[in-house]
Amino acid sequence: MARRAVSIISPLGLWGAAAAALLLFLTLGTLAAVAWQAEFTRGLGRADIAALRFTLIQAFFSALISVALAIPVARALARRQFPGRQILITLLGAPFILPVIVAVLGLLAVFGRAGLFNQMLNALGFETVSVYGFSGVLLAHVFFNLPLATRLILQSWLAIPAERFRLAQSLGFAPRDMFRQIEWPMLREVIPSIFAVIFLICTTSFAVALTLGGGPKATTIELAIYQALRSDFDPGKAALLSSIQFLLCTLAAGIAWYFTRHQDAAAGFDRAVQRSDAGAIGLRIQDAFCLGFAALFVILPLAMVIKSGLTGILSMPDVVWWAALRSVLMAIASSTVMLALVLPLAQIAAKEKRAWPEAIAYLSVSASPLVIGTGLFILLNPYFSPRDLALPVTIIVNAAMAIPFALRGLLPAMREIEATYAPLADQLGMAGFARFRLLTLPRIRRPLGFALGLTAALSMSDLGVVALFADPDAGTLPLMIYRLMGAYRMEQAAGAALLLLFLSLALFMIFDRGGRKNADT
């Protein structure tokens, strides 16, 4: 019999419960706060049904095209070594971390009515194409999510033990056999969840539909929520649409989660991967085409953003530089908060084989950032000035919104650690921080660096909650860009957009570099 009280709840469990409670409050709690202020007295109108239908169609095809194109690009990166490979991998993270309006300006410069693509069509005697409406929304979502899908699939591809490829080579596997026996099981495991994440991102699309939708026929649910809150001042309609969107996203995540198969990883010795299918001339041409297409699709719009911003970066007012410093500090803080929240959830999901951490993590993608901001305003306004809490609230919300991507990148590596090394670590008595530092951290450094960089960059480019809370003189850099554009100071806005692009990429590369350092050793 114990002579003193013994806690039956581990520190990891308490830490994970606190992280889960915060995520539940930010998603379900804020949604409940908005619904509490509303009266559900009427159903959906024709415009709402049209927005629902358009949202589902564009989200499905955006996710399908993004994942389908990402598979050959990720495979080419996984089996090829060439000068500039690491730079290309880093650039593939750029579209997803760009402020939407900046990326849209780059896409319009390439695919717009007077863009490079239509100029080429005119020169060849063909009719020009419109980038607005369904095609424009689809193009923008693929631009944002193709690189994200590529990076997530690449993480899983690089996590395949090198011994599997060595064994396949000794058995004389052809490239088709290698794909069927080694690579396809990995893809079958990770593709449903990646598809679900991209589907959820496109379902909650706001700025893309606002700038490229082209009217009521191309309105998403998120845009309809914004119109209900800002234009119609109808919280009941906003709450109803938010509830429908939340249920749709939760259902989509649940379906993908059901079809996701988690496989126990075989033992590996952290050796460099040597593939027997890398030398075939046909595969070399195929990989070169895939990588060339991805590079051109990503780099060309970014180059147009840089070209338009060079002339205005030196004429920006001092308030923009202070906003840039404020954004950098907030991005670092958001990454720190994200790390504190995602590590216990990932360890519980991998070590204790619990399902609830993944389910709760997906809630932050299912929820609308606009509704989260509105719910927090309703809850905090009676007790605090929203302006005083603008920066802390924005930091926490940005960290929560990045958790699904971080967890998706960390779980495959952490499950491999538990399946391969946990029994030996238990026998050696490794536990606590020593086990994390010596065993876990070296093997999750690559996905952890990617997650930290992605969180910092997303926080840099956020224009959601901060727009509802921030003081006009204490905004972030994206908020300053929108205000400069609203004042028709387009040259300064272009310069600020270029500054935001460079800062976002710099933070992403700094955090990501530690993870990529030993990617190929």
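**Exercise 1. Cysteines**

Determine whether cysteine 202 is buried or exposed in this predicted model, do likewise for cysteine 290, and state how many disulfides a search of the whole structure finds.

*Solution.*
Step 1. Cysteine 202 has a relative accessibility of 0%. Buried means under 20%, and cysteine 202 therefore counts as buried.
Step 2. Cysteine 290 has a relative accessible area of 11% and is therefore buried under the cut-off of 20%.
Step 3. The search for disulfides covers the whole structure and finds zero.

**Exercise 2. Aromatic pairs**

Classify the geometry of the ring pair formed by phenylalanine 111 and phenylalanine 117, then that of phenylalanine 143 and phenylalanine 144.

*Solution.*
Step 1. The structure holds nine aromatic pairs. In one of them, phenylalanine 111 and phenylalanine 117 lie 5.8 Å centre to centre, with 55° between the planes. Planes over 60 degrees apart count as edge-to-face and those under 30 as stacked, so this pair is tilted.
Step 2. The two partners fall into separate exposure classes: phenylalanine 111 is buried at 18% relative accessible area, whereas phenylalanine 117 is partly exposed at 29%.
Step 3. For phenylalanine 143 and phenylalanine 144, the ring centres are 5.8 Å apart and the planes meet at 70°. Because this angle is over 60 degrees, the pair is edge-to-face.
Step 4. Phenylalanine 143 is buried, with a relative accessible area of 0%, and phenylalanine 144 is buried at 7%.
Step 5. Aromatic residues also gather in a cluster, formed by Phe60, Phe61, Phe195 and Phe199.

**Exercise 3. The second largest cavity**

Identify the residues that line the second largest cavity, and say which elements give two or more residues to that lining.

*Solution.*
Step 1. The count of cavities of 30 Å³ or more comes to five. The second largest has a volume of about 70 Å³.
Step 2. Its lining consists of Ser193, Val197, Glu358, Ala361, Tyr362, Pro404, Leu407 and Arg408.
Step 3. Helix 9 (175-203), helix 15 (356-366) and helix 17 (390-420) are the elements that give two or more residues to this lining.
Step 4. By residue class, the lining divides into five nonpolar, one polar and two charged residues.

**Exercise 4. Nonpolar cores**

Name the residues that touch the most other members in the largest nonpolar core, and describe the other core that lies apart from it.

*Solution.*
Step 1. The largest nonpolar core has 89 residues, and those touching the most other members are Leu77, Ile153, Trp157 and Ile194.
Step 2. Another core, of 52 residues, lies apart from the largest one; among its members are Ala346, Ala350, Leu407 and Ala425.
Step 3. Leu407, a member of this other core, also appears in the lining of the second largest cavity.
Step 4. As background, nonpolar side chains in soluble globular proteins tend to be buried together.

**Exercise 5. Contacts across the sequence**

For alanine 350, leucine 339 and valine 298, state the helix and the exposure class, and give the C-alpha separation from the partners leucine 410, isoleucine 403 and leucine 91, respectively.

*Solution.*
Step 1. Alanine 350 is located in helix 14 (residues 318-351) and is buried, at 5% relative accessibility. Its C-alpha atom is 9.6 Å from that of leucine 410, although the two residues are 60 residues apart along the chain.
Step 2. Leucine 339 also belongs to helix 14, but leucine 339 is partly exposed, with a relative accessible area of 25%. Between leucine 339 and isoleucine 403, 64 residues apart along the chain, the C-alpha separation is 8.6 Å.
Step 3. Valine 298 lies in helix 13 (residues 281-309) and is buried, at 2% relative accessible area. The C-alpha atoms of valine 298 and leucine 91 are separated by 7.6 Å, with their positions 207 residues apart along the chain.

Definitions and conventions
Residues numbered from 1 in each chain as written. Predicted model: local features only at pLDDT ≥ 70, side-chain atom pairs only at ≥ 80, totals over all residues. Heavy atoms only, no water. 1 Å grid on protein atoms, 1.4 Å probe; cavity = no way out; pocket = protein on both sides within 12 Å on 5 of 7 lines; lining within 4 Å. Points joined across faces, edges and corners; volume = space filled by probe spheres on them. Helix = DSSP H or I, 4+ residues; strand = E, 2+ residues; numbered from the N terminus. Nonpolar A, V, L, I, M, F, W, Y, C, P; charged D, E, K, R; others polar. Core = buried A, V, L, I, M, F, W, Y, C linked by side-chain atoms within 4.5 Å. Buried < 20%, exposed > 50% of the residue type's maximum accessible area, 1.4 Å probe, protein only. Disulfide = S-S within 2.5 Å. Phe/Tyr/Trp six-rings, centres within 6.5 Å; stacked < 30°, edge-to-face > 60°.
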